[in-house]
Amino acid sequence: MDFTGKTAIITGAAKGIGRGCAEILARGGANVVLADINLGMAREAERALTEEGLRAKAVQVDVKSVAEIEKMVRAADEAFGTVDILVNNAGIFHATPIEEITEQEWDNIVDINLKSVFFATQKVLPYMRKKKSGKIVNLSSLAGRNGGFTNGLGYSAAKAGIIGLTRGFAARLARDGINVNAVAPGSTDTGILDGLGEDGIRGLTEKIPLGRFGKTPEVASVVAFLCSEEAAFMTGAVVDVNGGMYFG
Ligand SMILES: NC(=O)c1ccc[n+]([C@@H]2O[C@H](COP(=O)([O-])OP(=O)(O)OC[C@H]3O[C@@H](n4cnc5c(N)ncnc54)[C@H](O)[C@@H]3O)[C@@H](O)[C@H]2O)c1
């Protein structure tokens, strides 16, 4: 896949699936903006990519804040002159039981996982509309497809909301030449599920027909495909990458 000359913003790119996406896009020739709340780790990822001779810039953002999202997009424009690709990947997980979820926890999980997707898309639109082209990929989840197994319901709701946003944006932006798709991973080996403990992880693994967690590059490569010209006729799709845990 060739991303030469394209500029990609990847949120949550300091580690996990986001970093995996940044690596594939950068190795395909893209300028990558590694946007993350953890600037130290984002800089580490930037250093690793620039040592390979690739173009990368770490930018600090808390995607909960619309003002910070605007700053992130401006920083991408200042660094590389435009925005062609947006990967809305930043997310947090919770496994809080129904009775224990507070209003504050609900707002936090929904703002980080869902509100961010709407506003990051809104803020990149002027760049993409001007060029009549763009690719946006949103990280949903198996939990957004079936409600999930171990996760808190704020997470399920946010990830299901991402599917609604993906389809709504896809329909509204198609005539602007902008493709909007989602990837819905199942359990993937990034560490985001470590809070479930050994028994929780074992129980989850038993539910996976392929018998194991997904590997980060197995999800990132699907995201990268959706960012590529090879996927130009796909929009509004939700691609399941879950080892057979759910057939969408
Ligand atoms: N790993 C899985 O099993 C799995 C399954 C389904 C969906 N997903 C989704 O894929 C995406 C990536 O997951 P992952 O497993 O790579 O996660 P991860 O925890 O490994 O990485 C998430 C990254 O997002 C960053 N981040 C968190 N809050 C942020 C904020 N407020 N602003 C900016 N950055 C923030 C973190 O610093 C981190 O670098 C998430 O949206 C997640 O919900 C993951």
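**Exercise 1. In this predicted model, decide whether S141 is buried or exposed, and describe its surroundings.**

Solution. Begin with accessibility: S141 has a relative accessibility of 7%, and because buried means under 20%, S141 counts as buried. Next, place the residue along the chain, where S141 is found in the loop between β5 (134-139) and α5 (142-146). Then look beyond the sequence neighbourhood: leaving aside neighbours within four places in sequence, S141 is in contact with Y155, K159, V183, A184 and P185. One of these partners, Y155, is 14 residues away along the chain, and its C-alpha atom is separated from that of S141 by 9.0 Å. Finally, examine the polar side of the residue, where the side chain of S141 reaches the backbone nitrogen of A143 at 3.0 Å.

**Exercise 2. Work out what span helix α3 should have, and which of its residues are buried.**

Solution. Helix α3 comprises the 15 residues 66-80, which at 1.5 Å a residue should span 21 Å. The C-alpha atoms at its ends are 21 Å apart, in agreement with that expectation. The buried residues of α3 are I69, M72, V73, A75 and A76. Seen down the helix axis, these buried residues fall within an arc of 155 degrees, so they line one face of α3. The spacing can be read with a general rule in mind: an α-helix has 3.6 residues a turn, so residues three or four places apart point the same way. On the other side of α3, K71 and E78 are exposed. The cover over the buried residues of α3 includes β1 (7-11), β2 (31-36), β3 (56-60) and α4 (103-131).

The two ends of the helix complete the description. At the start of α3, a side-chain oxygen of S65 comes to within 3.4 Å of the backbone nitrogen of A67, while just after α3, G81 takes a positive phi of about 90 degrees.

**Exercise 3. Find which residues touch the most other members of the largest nonpolar core, and which element gives the most to this core.**

Solution. The largest nonpolar core has 30 residues, of which I10, L25, V32, V183 and V223 touch the most other members. At least two residues of this core come from each of β1, α1 (16-27), β2, α2 (39-51), β4 (85-88), β5 and α8 (216-227). Among the contributors, α8 gives the most, with 7 residues. To see the contacts of one well-connected member, take V32, which touches A8, I10, A22, L25, A26, L49, R55, A56, K57 and F80 when residues up to four places away in sequence are not counted. Apart from this core lies another, of 26 residues, among them V63, I69, A90 and A120.

**Exercise 4. Determine which residues of α8 are buried and what they pack against.**

Solution. First check the geometry: the 12 residues of α8 should span 16 Å at 1.5 Å a residue, and the end C-alpha atoms are 17 Å apart, which agrees. Within α8, the residues T216, V219, A220, V222, V223, A224, L226 and C227 are buried. These buried residues pack against α1, β4, β5, β6 (178-185) and β7.

Now follow the chain onward to S228, in the loop between α8 and β7 (238-241). S228 is buried, with a relative accessible area of 0%. Its side chain is joined to that of E230 by a polar contact of 3.2 Å, and, not counting residues up to four places away in sequence, S228 touches M1, F3 and K135.

**Exercise 5. Compare the accessibility of R43 and T4, and state what is notable about the phi of K132.**

Solution. R43, found in helix α2, is partly exposed, with a relative accessible area of 46%. T4, found in the segment before β1, counts as exposed at 56% relative accessibility. Because the cut-off for exposed is over 50%, the value for T4 passes it. Not counting residues up to four places away in sequence, T4 touches G28 and G29.

For K132, found in the loop between α4 and β5, begin with the general expectation: most residues other than glycine have a negative phi. K132 has a positive phi of about 55 degrees, although it is not a glycine.

Conventions. Residues are numbered from 1 along each chain as its sequence is written. This is a predicted model: local features need pLDDT of at least 70, side-chain atom pairs count only at pLDDT 80 or more; totals for chains, interfaces and linings use all residues. Side-chain values use heavy atoms; hydrogens and water are left out. Helices (H or I, at least four residues) and strands (E, at least two) are DSSP runs, numbered from the N terminus. Buried means under 20% relative accessible area, exposed over 50%, partly exposed in between (1.4 Å probe, protein chains only). Contact means heavy atoms within 4.5 Å. A polar contact is a pair of N or O atoms within 3.5 Å; within protein, one must be able to donate a hydrogen and the other to accept it, and residues adjacent in sequence count only if both atoms are side-chain atoms. The expected span of a helix is 1.5 Å times one less than its number of residues. The arc is that of the directions from the helix axis to the C-beta atoms. A nonpolar core is a set of buried Ala, Val, Leu, Ile, Met, Phe, Trp, Tyr and Cys residues joined through side-chain atoms within 4.5 Å.
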